[in-house]
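Hi everyone, thanks for making room for me today. I'd like to walk you through one structure, so please have a look at the screen.

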Amino acid sequence: MNLDNTTLTQELNDPILNTGLYIILTTDEDDARPVYISGNFNNWRTQDKEFMMEKIGNNLYHYKFLHDFDYPVALLYKFTKGDWSEVEIDSHGNRTENRSTLNHTGIQKEHVARWRKNWLPFKQSFLPQVQLISDEFEIPQLNKTRKIWALLPHDYDNSSESYPVMYLQDAQNLFNESAEFGNWEIDKKLAVMSEYKIGKIIIIAIEHAEEDRVKEYNVGKTVLGKGQGKKYIRFVTDTLKPFVDSNFRTKKEREFTGIGGSSMGGLVSIFSGLRNPEVYGKLMIFSPSLWVVPELKINSDKANAADTKIYLYAGGDESETMIELIKSFKKNLISSEFVKDKSKINLSINRQGKHSETYWSDEFPKAIEWLFFNTKES
């Protein structure tokens, strides 16, 4: 409904409305995305339909807490467009602090100047330190060399902290502005996450093998031929990880160690986790090429995998079988008890999602937060 100011004033003066807290939100910047209230009253969920605000005019929203609502002593909250990547910001693009009120009745007037879109804008001062570990890092298992990068928290040099680590495939497409097919913009996403104190992490970005990429990420003998994936997994697990742990301040244990990638990079990351559950406690799997291995065998005998967390993502506009295959993979993980607690698997599906860096970029900060930090109180 659309209300003019006179009607709105009459509504606000209605004594029935004053039996609970009534929030009026105005915003300078508006679009078709719905607005939600997220706070300490709903575990900071960002798409809670119970707390979706009603649009009542141009740039004008309202929400009425029910009269029997169980309020925390201090109500803490923020406004979002449905995700932390689309949270409110001030007129200069800065993060806003949590809003709060001790009121349980009456009218609370609020204003939002701008909204983030896909985690952006970002602040240069929070960008991670990008360090080239080597442009010819030796891979003895394959008798090759490779360029490998470390993305360190922005204040790494001024800190004595140790950090969790995520190993990612396809470094060429992670933060390279000139990448042919676009990039994930993980440096920018990490900057915004750091600004919001969601958590700090070290990313190890491993470049792929160019024309041998598919062969290197292909594990065993498949429809793509005989792959080198087992040797590549041994490289990351037995050679690269010990080097990283010796040269950077890392949390070495499996619960702080993840591996991930997209497409064939997602597939080899699956095998890395399944073959080495004692090393990798977090798997970040985007749009994996499961069609390569239609009967993926999952052996949980080796695993002490009770606390393994797996973030799966697929787009509905990638292929006819992508969503079906990833749902089947999730089901097999659960039935095999590789992941003993269903809540440790997060399946994210974007029905409009395509097989591209743009969609993986959007999913990256959500996956990192859920896998390693899993808090919404920022």
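**Two domains and their charged pairs**

Let me begin with Ser125, which counts as exposed because its relative accessible area is 55%. You'll find Ser125 in the loop between strand 9 (114–115) and strand 10 (129–139). One thing to keep in mind throughout: this is a predicted model. If you look from Ser125 over to Tyr22, the two are 103 residues apart along the chain, and their C-alpha atoms are separated by 38 Å.

Now let's step back to the overall layout. The protein is divided into domain 1, covering 19–115, and domain 2, covering 124–373. Taken over C-alpha atoms, the centres of domain 1 and domain 2 are 34 Å apart.

How many residues of domain 1 are in contact with domain 2? There are 8 of them, and they touch 6 residues of domain 2. Between domain 1 and domain 2, about 540 Å² of area is buried, and carbon and sulfur atoms give 50% of that. On the domain 1 side, Asp83, Trp84 and Arg95 supply 69% of the area buried against domain 2, more than any other three residues. As for charge pairing across this interface, the rule finds 0 salt bridges.

That brings me to salt bridges elsewhere. As a reminder, side chains of opposite charge can pair when their charged atoms come close. A search of the whole structure finds 19 salt bridges, and I've picked three to show you.

The one I'd start with joins Asp30 and Lys81, whose closest N and O atoms are 3.1 Å apart. This pair links distant parts of the chain, with the two positions 51 residues apart: Asp30 sits in the loop between strand 1 (21–27) and strand 2 (36–39), while Lys81 sits in the loop between strand 5 (75–80) and strand 6 (88–89). Are the two partners buried or exposed? Lys81 counts as buried because its relative accessibility is 4%, whereas Asp30, at 23%, counts as partly exposed. Asp30 and Lys81 also belong to a network of salt bridges, together with Asp31, Arg33, Lys55 and Glu86.

Next, back to Arg95, which we met at the domain interface. The side chain of Arg95 meets that of Glu97 in a salt bridge, 3.6 Å from N to O. Here Glu97 is exposed, at 56% relative accessibility, and Arg95 is buried, at 18%.

For the third example, please turn to helix 4, residues 229–247. There, Lys241 forms a salt bridge with Asp245, and the closest N and O atoms are 2.6 Å apart. Lys241 and Asp245 are separated by about one helical turn, because they are 4 residues apart in helix 4. Lys241 is buried, with a relative accessible area of 9%, and Asp245 is buried too, at 14%.

Let me finish on the surface. Which residues make the nonpolar surface patch of about 380 Å²? They are Val214, Val223, Leu224 and Trp291. Of these, I'd point you to Val223, in the loop between strand 14 (221–222) and strand 15 (225–226). Val223 counts as exposed because its relative accessible area is 60%, and the cut-off for exposed is over 50%.

That's my tour, and I'm happy to go back to any part of it.

How values were computed
Residues numbered from 1 in each chain as written. Predicted model: local features only at pLDDT ≥ 70, side-chain atom pairs only at ≥ 80, totals over all residues. Heavy atoms only, no water. Patch = residues over 30% accessible without salt bridge, like charges linked within 9 Å, V, L, I, M, F, W, Y side chains within 5 Å. Areas by Shrake-Rupley, 256 points an atom, 1.4 Å probe, with all protein chains shown as cover. Salt bridge = Lys/Arg side-chain N within 4 Å of Asp/Glu carboxyl O. Buried < 20%, exposed > 50% of the residue type's maximum accessible area, 1.4 Å probe, protein only. Domains from an automatic or database assignment. Contact = heavy atoms within 4.5 Å. Buried area = accessible area lost by both parts, 1.4 Å probe.
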